[in-house]
Amino acid sequence: MTSPLNVVVIGGVATGPKTAARLKRIMPEARVTLIDKDRIVSYGACGLPYYVEGLFDDINTLMETPVGVARTPVFFDKVKGFSVRTRTEALAIDRKNMQVRVRNLDSDEEADLPYDKLVIATGGYPFRPPIPGVDLKNVWFMTHPDDARTLVEEIQAQGLKKAVMVGAGFIGIEMAEALKHRGLDVTVVEMVDQIMPGILDKDVATFAAKHLRAKGVKLVLGERVTAIEGDTRAAAVRTDRQKIDADLVVIAVGTRPNDRLARAADLDCMARGGIIINEYCQTSDPNIYAGGDCVVNRYAGKIAGSHLFVALGSTANKHGRIIANHIAGKATPFSGITCSGIVRAFDFTIGRTGLGEQQARNLNLEIETTTWSGPDMPHYMPGSGPFIIKMIASKRDRKLLGVQVAGMGNGAKRIDAAAAVILLGGTLDDVSDVDFGYAPPYSPPIDPLATCAHVLTNKLDGLAKGISAFAAKAIIDQDDALLLDVRTPQEFAAVQLPYDVVHIPLGALREKLSELPRDRDILAFCKVSMRGYEAQLILNAAGFNRVRFIEGGIVGWPFEVRNPT
């Protein structure tokens, strides 16, 4: 009689439990053992900022099923059918003898666990910047339920009032909102001169940062933290330019792949970190799999590129299914990632998928971009929210390469649709052809993502001559262009760009062509720049050849505006 397959899983947060649970469903005869050095397993780390915010009261909710059953070793044994050993650390992998050396952290006893298949799901770890004061009290890293629990407890016990976030990535933005909702004074320090570097292009980041500032978050950009000061507790954060008072500090400057075990076992890893896997999540040893935040992924957008490290719970769970399927003989290759990511920031949804503008240029791709702005529903619908969409496409074959969103509108569904098109190697025409679900409570008749694709198509065809807000401001600051505002008088009276402009409503433009110079650059704009685009066409038809419109208009303008009233 054949012995059951013996599978050992190292790591109990996302990929590990997903692999074990899926494998027992499709291969119930397998003997599966999951080990983790922590006392808890299978928790929703992405929910930590929302506990801090106060959206739910019990931190244990993050370790429960949707119906409130605690995900304990007993639960996994009785319900899922596999063994879980907590407080058990994996010390080394013996590939020759196919066993893992482990230590019980309570008894300090060591033992060897044999395996037929091994799964490394050791996740990532927060980068600890090499600065003085990082080990002071009241300094937190937000990766574990204990971090969120103790932070909330100490805010209440000590009456903490001034928080400094070090890092303006996903966690930094989420925690800034969470702490602001708790009534704290919040400052975010980021060494790059924009929020969400490496995630958003600077123009979209600048637009989003404007909203954070409006909500009372202080942004200190382009400054490097050099120390956290205090005797025993954090009292201030020192940057290379200033000192910022703080009685609590949260450090969120990125995650690194925990590939220590794999490296020690001589498995192939990237020089900068991360276990290399194939499309079935196999490492360089076919009997050893890896998934989650400890690995690097391929880009899935039908473009050759380097391995990418993107730490996301969604990807980790996909890896778990891929691994279990392959072990059970149901090979389903993982296509890779499109670098999708999304975050809520107060009233804004901020997200991206695919390549950013600079990433595309670094790959020597010839690209065109555009930025659209407008509402996510028809203007007559209550709750309609304005937002911007930035779209990047290849000039050569018009393939969609990247999309970024920011604003009050529903950007999430547009990011999801764009991610699917990019995964399948789709073009701008494919975006236009998507059969979006339409009803006024959900979108205009032409979905904003399709409208943005139309604008970019017009731009590639030479019909639309749009210019980004960043490029427009550079021209304006050099005093090289005439600004033409084609909004209604009522709109003009309510809000304006803080520059000298010529105001001619679009309906009067044909009658007032003689008032405009033909020997100057003209930048037309309106609320969202649909009328700005139409103004460009009207002027082109009348023989004006130096006309462009400012993409996104007033709504998408990422800089300050003037409110005369």
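**Figure 1. A close-up of Ala-345, a buried residue in strand S19.** With a relative accessibility of just 1%, Ala-345 counts as buried, since anything under 20% falls in that class. This is a predicted model, so keep that in mind for every view here. Ala-345 sits in strand S19, which covers residues 341-345. Who keeps it company? Setting aside residues up to four places away in sequence, Ala-345 touches Ile-173, Glu-177, His-211, Leu-212 and Ile-350. There is also a long jump along the chain to look for: Ala-345 and Ala-176 are 169 residues apart in sequence, yet their C-alpha atoms are 8.5 Å apart in space.

**Figure 2. Phe-348 and its surroundings in strand S20.** Phe-348 belongs to strand S20, residues 348-354. Is Phe-348 buried or exposed? Its relative accessible area is 8%, so Phe-348 is buried. Not counting residues up to four places away in sequence, the residues it touches are Phe-207, Ala-208, His-211, Val-343, Ala-406, Gly-407 and Met-408. Another phenylalanine to find in this view is Phe-387, which lies 39 residues from Phe-348 along the chain, with 8.3 Å between the two C-alpha atoms.

**Figure 3. Ser-443, a buried residue in a loop.** Here we look at the loop between helix H11 (428-433) and helix H12 (448-460), where Ser-443 is found. Although it is in a loop, Ser-443 has a relative accessibility of 1% and counts as buried. Which residues is Ser-443 in contact with, leaving aside neighbours within four places in sequence? They are Asp-376, Met-377, Pro-378, Arg-414, Gly-437 and Tyr-438.

**Figure 4. An open sheet of five strands, from S9 to S12.** The strands in this view come in the order S9-S16-S10-S11-S12, and their pairing is parallel. S9 (139-141) and S12 (218-221) are the edge strands; each has a single partner strand, so one side of each has no neighbour in the sheet. From one strand to the next, the twist averages 20°. Zoom in on S11 (residues 185-190) and S12, and you'll find four bridges joining them in the parallel sense. One pair to pick out is Val-189 with its bridge partner in S12, Val-220. Helix H5 (residues 170-181) packs on this sheet, where it touches S10 (162-166), S11 and S16 (248-251). The direction of H5 makes about 170° with that of S10.

**Figure 5. Another open sheet of five strands, from S24 to S26.** Follow the strands across and the order reads S24-S28-S27-S25-S26, again with parallel pairing. Which strands stand at the edges? They are S24 (466-467) and S26 (502-503), and each pairs with a single strand, so one side of each is left without a neighbour in the sheet. S25 and S26 run parallel and are joined by two bridges, and Leu-484 has Val-502 in S26 as its bridge partner. Helix H15 packs on the sheet and touches S25, S27 and S28, with its direction at about 175° to that of S28.

**Figure 6. Strand S27 and its partners.** Now for a closer look at one strand of that sheet. Strand S27 spans residues 521-525, and four of its five residues are buried, so it is largely enclosed by the rest of the structure. S27 runs parallel to S25 (residues 481-485), with five bridges between them. Asp-485 stands opposite Phe-525 in this pairing. S27 also runs parallel to S28 (residues 547-550), this time with three bridges, and Ala-524 has Phe-549 in S28 as its bridge partner. Add helix H15 (residues 530-541), and S27, H15 and S28 together make a right-handed β-α-β unit.

**Figure 7. Stepping back to the whole protein.** To place the close-ups, here is the full model. The protein has 15 helices and 28 strands. Its C-alpha atoms fill a box of roughly 90 × 55 × 45 Å along the principal axes. A compact globule of 565 residues would have a radius of gyration near 24 Å, and the 27 Å of this protein agrees with that. Buried residues make up 51% of the 565. Among contacts with a separation of 6 or more, 64% are between residues 24 or more positions apart. On the outside, the protein exposes about 25000 Å², and carbon and sulfur atoms supply 50% of that.

Technical notes
Residues numbered from 1 in each chain as written. Predicted model: local features only at pLDDT ≥ 70, side-chain atom pairs only at ≥ 80, totals over all residues. Heavy atoms only, no water. Buried < 20%, exposed > 50% of the residue type's maximum accessible area, 1.4 Å probe, protein only. Pairing = 2+ DSSP bridges. Right-handed = clockwise from strand over helix to strand, strands pointing away. Axes fitted to C-alpha atoms, helices over the stretch in contact; angles between N-to-C directions. Contact = heavy atoms within 4.5 Å. Rg over C-alpha atoms; globule rule 2.2 N^0.38 Å. Areas by Shrake-Rupley, 256 points an atom, 1.4 Å probe, with all protein chains shown as cover.
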